[in-house]
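Me: I'd like to go through some labels on this model and see what earns them. Can you set each value against its cut-off for me?

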Amino acid sequence: MEMGWMHSWRQRQVLVFFVLLSMSGASAELGPYSVVEETERGSFVTNLGKDLGLGLTEMFTRAARIISQGSKEHLQLKVQTGDLLINEKLDREELCGQTEPCLLYFQVLMEKPLEIFQAELRVKDINDHSPVFTEREMILKIPENSLPGISFPLSNALDLDVGSNNVQNYKISPNSHFRVLTRNRNDGRKYPELVLDKELDREEEQEISLTLTALDGGSPPRYGTVQVHIEVIDSNDNAPEFEQSLYKVHIPENSPVGSLVVTVSASDVDSGVYGKISYTFFQPSEDISKTLEVNPMTGEIRLRKQVDFETVLSYEVDIKATDGGGLSGKCTLLLQIVDVNDNPPEVTISALTSPIPENSPETMVAVFSVSDPDSGDNGKTISSIQDDLPFLLKPSVKNFYSLVTRRALDREERAEYNITITVTDMGTPRLKTQHNITVLVSDVNDNAPAFTQASYTLRVRENNSPALHIGTVSATDTDAGANAQVTYSLLPPADPHVPLASLVSINADNGHLFALRSLDYEALRAFEFRVGAADRGSPPLSSQALVRVLVEDDNDNAPFVLYPLQNTSAPCTELLPRAAEPGYLVTKVVAVDGDAGQNAWLSYQLLKATEPGLFGVWAHNGEVRTARPLSERDAARHRLLVLVKDNGEPPLSASVTLHVLLVDGFSQPHLPPPEAEAEAEAAAAAPADPLTVYLVVALASVSSLFLFSVLVFVAVRLCGRGGAARAGRCSVPEGPFPGHLVDVSGTGTLSHSYQYQVCLTGGTGTSEFKFLKPTIPNLESQSTGREIEENPSFRNSFGI
């Protein structure tokens, strides 16, 4: 029982220390509240909501909670109702030992906003322990010559209860020699003192047995008993006496085991065995017995274990000096422990907010408390964090600090902070404690996707297969999570006439662009559009990029012969005077190719002729010229087959048939072609009719019309050269060419069935004839005149 009481006393001292620390750290006081020990778990203590003046929901919304000293949670708070309840059955003796009143300090912490209230709970004692003597039997040796009125101190009974429930009175069994008095110690404990009322006579009674009873003040009172055995001895009329009645000693808490605390000394004027003194502790507690030891011969008191200022501040014990005759004297040792700086500060995190949204204004990150069980400067602390962090420590109530942000954080700059809280005391030497916390910065959608290029140029060859991947656009977003997930889309075209939806599509996930259909260079050479990149944030952010698609030409168009036209019912016949010199320009084959570049470079070749060697074709401009002088033996009619071929890969070609009629002069009648000649012979065999007259009249009209046309063309040509030389640019006729053969540069003919935009460049040795906009019967063209003029790859140049 004595060991349990000592353990309880030590716990009481520790608890008193922490209570004293906590009493200085709150901004407002609550209570005090009281509860009787051994109250069942869940019992109601008070309603904190009413005490704080808060509504039912405010305790919950403000995140109220209880912070208790130590590791045990004695109380619990129901934030829904504000009720403060007992969390576990409380044992006052275990919590406070002999300390009275038994106070438990706690704090009410509200996080939103931060506010702390100091409160205390008093645990009331009940009489649940009986007095207990630590000894089974007390033995006293009293000389027979002891005078009445002499007193003998007896061991007191221990009662774990406090106040009126502790030992209040002592009684002794009825006898004729002794009575018992109840005395008070300095620490408030009561002990019995046996008083001799009648002299003893050893010859009459050598031993006396009495029953000592200790009564507490409970209702009903509890009691404990012990046997007191008294031996009556011969006279020893001098008891030992100490030099000091009180020895007051200070030792530092870091004193090693075995250190000398003090040497007590007593003397006895008796001689012999009655003057021999031995020293012992008188009624030491369990803690005293474990901490101190006394040499019975010398009176030296030394440490048996190292003392701790933070656990026990002081020790008090009585020392008894007993002589050989059984007489004793006593003194008191008061040992006070001096604090040294042997405890580093302690950091307790009460609240931590992580992650913190970026771009937020000043935000509370953490709430923590600092404690140091040392005293004086040894217990004073300074708290700090790294200087290069965007955080600030703000003192709150005493020993509490708030960690807040200095400015809005940027996750893209830094997504994680490792903060070291350093707490240093002011002792010598200084001790410090470091506590690391990690604060994460959560992402906010504050960055729009950014394309890797402001504009993209993609090239695709015409006649591509549908769904062909033609390129990729890419955008990145420096945000995280859904805020960094990019979705691509086609934006509406600026020109509503561009059928963008039927031309391209985009993969929303990766930005791949696909051609939806086969493209035709001759119809559409280039187009542009904008693509958008949007993230999945809320609200989403987006950006744009320009994409230009260039269609590359493929050799998919064969040359088309403009002159002479091959699909007319009556073939065109070129007239060649027999007096023509070698190199005479008979005619010129005019062809165009809808492709561009080398796919439109045309070359001409004479494949077949009625009279080989008589005619030749210039490969680059299609001019048909005589290769030698004409003779009378040459046939009047000639048929030439000319091949027109482009320079593509593979090359495409077209052929044209020319009919040449040899005449003595331009006044010679136009001879009919072979087919017409056969018809004429058949008609000659038949009798003459009015049709012959009509034919003669028609032939005369045609000849006249041809001669008129030649004169008109020559005049136009002369005017054209003069105008081109003056203006230095091309002219475009407003209407179609006349419906007859026109001699260009006086050296050939063109069919009447086509119209052109013509550029005649003056001042050169050879006139160039450029076909910029042919209007070809039965041939659909998807390019406008403006497109052809603005795209030189669509032009064909011919030298005449």
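Me: What makes the side chains of Arg 628 and Asp 634 a salt bridge?

Reply: First, the ground rules: this is a predicted model, where local features need pLDDT of at least 70, side-chain atom pairs count only at pLDDT 80 or more, and totals for chains, interfaces and linings use all residues. Residues are numbered from 1 along each chain as its sequence is written, and side-chain values use heavy atoms, with hydrogens and water left out. A salt bridge is a side-chain nitrogen of Lys or Arg within 4 Å of a carboxyl oxygen of Asp or Glu. Arg 628 and Asp 634 meet at 3.1 Å, N to O, so the pair qualifies under that limit of 4 Å.

Me: Why is Asp 634 called buried or exposed?

Reply: Buried means under 20% relative accessible area, exposed over 50%, and partly exposed in between (1.4 Å probe, protein chains only). Asp 634 has 7%, so that residue is buried. Its partner Arg 628 has 26%, so Arg 628 goes down as partly exposed.

Me: How do you know that Arg 185 and Asp 318 form a salt bridge?

Reply: Their closest N and O atoms are 3.1 Å apart. The pair links distant parts of the chain, 133 residues apart: Arg 185 is in the loop between strand E13 (178-184) and E14, while Asp 318 is in strand E24 (residues 314-322). Strands here are DSSP runs (E, at least two residues), numbered from the N terminus. Arg 185 is at 15% relative accessibility, so it counts as buried, and Asp 318 is buried too, at 11%.

Me: What about Arg 304 and Glu 293: what N to O value does their salt bridge have?

Reply: That one is 4.0 Å. Arg 304 sits in the loop between strand E23 (300-303) and E24, and Glu 293 in strand E22 (residues 292-294), so the pair ties together parts 11 residues apart in sequence. Arg 304 is partly exposed because its relative accessibility is 47%; Glu 293, with 38%, is partly exposed as well.

Me: How many salt bridges does the structure hold?

Reply: There are 20 salt bridges. Arg 411, Glu 412 and Asp 443 are linked in a network of them.

Me: What makes Cys 96 and Cys 102 a disulfide?

Reply: A disulfide is a pair of cysteine sulfur atoms within 2.5 Å. The sulfur atoms of Cys 96 and Cys 102 are 1.8 Å apart, so they form one. By this rule the count is one disulfide.

Me: Why is that disulfide called right-handed or left-handed?

Reply: The torsion about the S-S bond of Cys 96 and Cys 102 is about 65 degrees, so the disulfide is right-handed. Cys 96 is buried at 3% relative accessibility, and Cys 102 is buried at 0%.

Methods
Helix = DSSP H or I, 4+ residues; strand = E, 2+ residues; numbered from the N terminus.
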